[in-house]
Amino acid sequence: MPEQEQTSDTKIHASCCTQKTKERTGQEYKDLMNRLSRIEGQVRGIKGMVERDAYCIDILVQAAAVNAAMNSFNKALLANHIKTCVAGDIREGREETMDELIAVLQKLMK
């Protein structure tokens, strides 16, 4: 699989399926995984509330908290993506990355 160096901490791996990967710094990986672990715990908590027949409003409040946590996760991931992948691709003349970014922003803003 050919590799193309993008930035000091980012590599894009091209394959026949145009599958991309990103090598994250240790801190970025740790931060993202911590956020996801907290979200996972919140979702398990909601599942427990449903199993215990908790009041609907209480469950909805917790579900809203999960949505807010996911939005926070998405913002952190998107910011890093723009700073590393998008900026690197633009510097290297691969402006199709902007179309990809616009498409993902449209999905996130539904």
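Biologist: Let's start with the whole chain: of its 110 residues, what percentage count as buried?

Modeller: Keep in mind that this is a predicted model. A residue counts as buried when its relative accessible area is under 20%. Of the 110 residues of the chain, the share that passes this test is 22%.

Biologist: And what pattern does the chain follow along the sequence?

Modeller: The chain has 3 helices and 2 strands. Put them in sequence order, and the pattern reads β-β-α-α-α.

Biologist: How are helix 1 and helix 2 oriented to each other?

Modeller: Their axes come within 10 Å of each other. They cross at roughly 165 degrees, and angles over 145 degrees count as roughly antiparallel. So helix 1 and helix 2 are roughly antiparallel.

Biologist: Is the crossing of those two left-handed or right-handed, and how many nonpolar residues are in their contact?

Modeller: The crossing of helix 1 and helix 2 is left-handed. As for the residues of that contact, 4 are polar and 3 are charged. The nonpolar ones number 16.

Biologist: Let's pick one residue, E28. Is E28 buried or exposed?

Modeller: You'll find E28 in helix 1. Setting aside neighbours within four places in sequence, E28 touches K22, L77 and N80. Its relative accessibility is 9%, and the cut-off is under 20%. So E28 counts as buried.

Biologist: G45 next. How far is G45 from Q62 in space, C-alpha to C-alpha?

Modeller: G45 is in helix 1, and at 32% relative accessibility G45 counts as partly exposed. Along the sequence, G45 and Q62 are 17 residues apart. In space, their C-alpha atoms are apart by 8.4 Å.

Biologist: What about the loop between helix 1 and helix 2: which residue there has phi near 60 degrees?

Modeller: Most residues other than glycine have a negative phi. In the loop between helix 1 (26–51) and helix 2 there is a residue that isn't glycine but has a positive phi. That residue is exposed, with a relative accessible area of 68%. The residue with phi near 60 degrees is D53.

Biologist: Moving along, how are helix 2 and helix 3 oriented to each other?

Modeller: Helix 2 covers residues 56–91 and helix 3 covers residues 96–108. Their axes are 10 Å apart and the angle is about 165 degrees. Since anything over 145 degrees counts as roughly antiparallel, helix 2 and helix 3 are therefore roughly antiparallel.

Biologist: Which residues of helix 3 make the contact with helix 2?

Modeller: Helix 2 passes helix 3 in a left-handed crossing. On the helix 2 side, the contact uses N74, L78, H81, I82, V86, D89 and I90. The contact residues divide into 8 nonpolar, 3 polar and 2 charged. On the helix 3 side, the residues are T97, M98, E100, L101, L105 and L108.

Biologist: What separation do the C-alpha atoms of A87 and M98 have?

Modeller: A87 sits in helix 2 and counts as partly exposed, at 21% relative accessibility. A87 and M98 are 11 residues apart along the chain. Their C-alpha atoms are separated by 9.6 Å.

Biologist: Last one: what share of the chain's exposed area do carbon and sulfur atoms supply?

Modeller: In total, the chain exposes about 8,000 Å². The part supplied by carbon and sulfur atoms is 58%.

How values were computed. Residues numbered from 1 in each chain as written. Predicted model: local features only at pLDDT ≥ 70, side-chain atom pairs only at ≥ 80, totals over all residues. Heavy atoms only, no water. Axes fitted to C-alpha atoms, helices over the stretch in contact; angles between N-to-C directions. Helix = DSSP H or I, 4+ residues; strand = E, 2+ residues; numbered from the N terminus. Parallel < 35°, antiparallel > 145°, perpendicular 65-115°, else oblique. Left-handed = near helix turned anticlockwise from the far one by under 90°. Contact = heavy atoms within 4.5 Å. Nonpolar A, V, L, I, M, F, W, Y, C, P; charged D, E, K, R; others polar. Buried < 20%, exposed > 50% of the residue type's maximum accessible area, 1.4 Å probe, protein only. Areas by Shrake-Rupley, 256 points an atom, 1.4 Å probe, with all protein chains shown as cover.
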